[in-house]
Amino acid sequence: MKEIRCNLLVVGAGPGGYVCAARAGEQGVDTVIVEADRVGGTCLNVGCIPSKALIHAADEYARLRAFCSQRSQLGIRASEPAIDLAQTVAWKDAIVERLDGGVSGMLKKARVKVVLGRARFRDGKTVVISTETGGEQTIRAENVVVATGSRPVELPMLPFGGNVVSSTELLSMRELPARLVVVGAGYIGVELGTAFAKLGSQVTMVDLAPRILPQYDAELTRPVAQRLAALGVQLRLGATVKGASADGQLTIETGAGAERLPADRILVAVGRRPATDGFALEELDLDRDGPYLRIDDRCRTSMRGVYAIGDVTGEPMLAHRAMMQGEVVADAVAGRKRVFEPLAIPAICFTDPEIVAVGPGLEEARRAHAELRIGMVPFTANGRALTLQAESGFVRIVARADNHLILSMQAVGAGVSELSAAFGLALEVGARLEDIAGTIHAHPTLGEAIQEAAQRALARG
C-alpha cells in the first residue's frame with residue numbers, strides 16, 4: 001500500500017482519541033486516526049454506555065417488580081413483569097451502534113482519515129498498521145498521539161475464560177446468570193452487581209478491602225451498602241480470592257476460614273491497566289510513571305512530537321478526562337497554546353443511589369487545612385427528592401474556614417450524577433460559599449440542596 005503522510009496521527013479511537021482527531025481536523029490539521037477494533041473505544045462499545053443502558057433497564061425492571069409485589073402508594077397497579085435479557089442487550093447494542101455512527105460521522109465531517117488495524121511503532125514518527133485484510137500500511141506523521149486506553153486487570157489465580165468473565169463479556173450475555181459472584185467492590189463491580197441483582201441474579205460481592213467503594217468516604221457509601229443489603233446482595237469483605245474450581249465454585253479465605261461460593265458466572269472487576277503492550281512502544285524512548293506514560297501539562301511525553309492522553313497516562317481513568325486532554329493536544333498541534341490544568345475532575349458512581357464527588361475527599365481536605373466549613377443537607381429535607389420517593393442521601397460542601405473557598409463537593413442520592421457539572425464549575429471558577437448561597441436555585445429541584453448546604457456551612461462559622 002502507498003505510504004500515508006500526515007501532520008497528526010492518533011493511535012486509538014476511544015473518547016480521547018476521537019475528540020483529539022476531530023478537533024484537530026476541524027482546525028485544518030491533516031489528521032489520521034487508527035483503531036484496531038471499533039471507533040468509540042471501550043467507553044462507547046463495551047464500557048460506560050452499555051453499562052449505563054443495562055443499569056437503566058435494571059432500574060425500570062426493579063421499579064415494575066416493586067409495583068407488583070406491594071401496594072403502591074401512588075395507586076399504580078401492574079401485572080408481574082418479565083425480563084428478556086436478549087432483547088435488553090439488543091436495545092443496548094442499538095444505542096451503541098447509533099453512537100458509533102455519530103462518532104464516524106463527526107470524524108468524516110472533520111476530514112479525518114480512519115484506518116482500521118493494529119498499530120506498531122517503528123519510531124517516534126512512523127507507525128506500521130496490520131490491516132484487517134492481512135496487509136500492512138505505513139503511516140508517517142509529524143505528531144503522534146498515544147491514546148490506546150486500558151484493559152481489565154486479570155487475576156493470576158482467576159484467569160478469564162469459561163465462567164470467569166470481565167465486564168465486557170458480562171454486558172453481552174443473552175441469559176441471566178442465576179448466581180453471580182463479583183470479585184471487586186469498586187465502582188465497576190458495585191454498578192454491575194447492583195444491576196444484575198435487580199434483574200434477578202443472586203449476587204455475592206468479594207473484596208479484600210473492609211468496605212465497598214473504598215475510594216469514597218464511608219458516609220458517602222453507607223446508603224449504597226444499605227441498598228445492596230435490601231436487594232439481597234451478599235458481601236464478603238476482607239476476603240482473599242484463592243481461585244475457582246472446575247465446577248465453577250470460587251474459593252475465598254476470610255477470617256472465619258475458607259469458603260466456597262457457587263457461581264454460574266464470576267465477574268472479575270478489580271480495576272484496569274494501561275494498554276501499552278502490543279504496540280511496540282518499547283521502540284520509543286518514553287519516560288514512565290510506573291505502568292503509565294509520563295506527560296507534562298500539555299500532554300507531551302519525553303519524546304518531541306509524541307503525546308499521550310487518557311488511561312495510558314494514569315488515574316483517574318475517566319472518559320471526560322481523556323476528552324479534555326485530546327482537546328489540549330489538538331489545539332497545540334494546530335498552533336494554539338493550551339495546558340491541561342483542571343482544578344477538579346468529577347468522579348461518578350452510577351450505583352443505587354448514585355455518588356458524585358468533585359475535588360479532594362473529606363479526609364484529604366482535613367489533612368491539608370486546619371479548619372474547614374462543612375455544610376450538609378439530607379435529601380429527607382428536599383421536596384423534589386420526596387416527590388421522587390428518593391430521600392436517601394445528601395449533598396455536602398467542604399470549604400476553607402478562612403476565606404470560604406470551596407474545596408470539594410459530594411453527593412449521594414438518586415440522579416445526583418447530574419449535579420456533577422454544577423460541582424465542577426464551582427471549583428473551576430474558584431467559587432466561595434457566599435457565591436453558591438447567593439445564587440438563586442430553582443425550586444423544587446435536587447440542586448437547591450447545593451445552595452442550602454452552602455448556607456449551612458456559612459451559618460456554622
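The following paragraphs describe helix α7 and then residue D331 in a predicted model.

Helix α7 comprises the 13 residues 218–230. At 1.5 Å a residue, a helix of this kind should span 18 Å, and the end C-alpha atoms of α7 are indeed 18 Å apart, so expectation and model agree. At the N-terminal end, D217 acts as a cap of α7, with a side-chain oxygen placed 3.1 Å from the backbone nitrogen of E219. Beyond the helix comes G232, whose phi is positive, near 85°.

The two sides of α7 may be considered in turn. Its buried residues are L220, T221, P223, V224 and L228. Viewed down the axis of α7, these buried residues fall within an arc of 145°, and therefore they line one face of the helix. The general geometry of an α-helix is relevant here: there are 3.6 residues a turn, so residues three or four places apart point the same way. The buried residues of α7 pack against helix α6 (187–199) and against several strands, namely β9 (202–207), β10 (234–237), β20 (354–358), β22 (394–400) and β23 (406–413). On the other side of α7, Q226, A229 and A230 are exposed.

Attention now turns to D331, which is located in helix α8 (residues 319–333). D331 counts as buried because its relative accessibility is 1%, the cut-off for burial being under 20%. The side chain of D331 forms a polar contact of 2.7 Å with the side chain of R338. When neighbours within four places in sequence are left aside, the residues in contact with D331 are R23, Q27, R336 and R338.

Notes. Residues are numbered from 1 along each chain as its sequence is written. This is a predicted model: local features need pLDDT of at least 70, side-chain atom pairs count only at pLDDT 80 or more; totals for chains, interfaces and linings use all residues. Side-chain values use heavy atoms; hydrogens and water are left out. Helices (H or I, at least four residues) and strands (E, at least two) are DSSP runs, numbered from the N terminus. The expected span of a helix is 1.5 Å times one less than its number of residues. Buried means under 20% relative accessible area, exposed over 50%, partly exposed in between (1.4 Å probe, protein chains only). The arc is that of the directions from the helix axis to the C-beta atoms. Contact means heavy atoms within 4.5 Å. A polar contact is a pair of N or O atoms within 3.5 Å; within protein, one must be able to donate a hydrogen and the other to accept it, and residues adjacent in sequence count only if both atoms are side-chain atoms.
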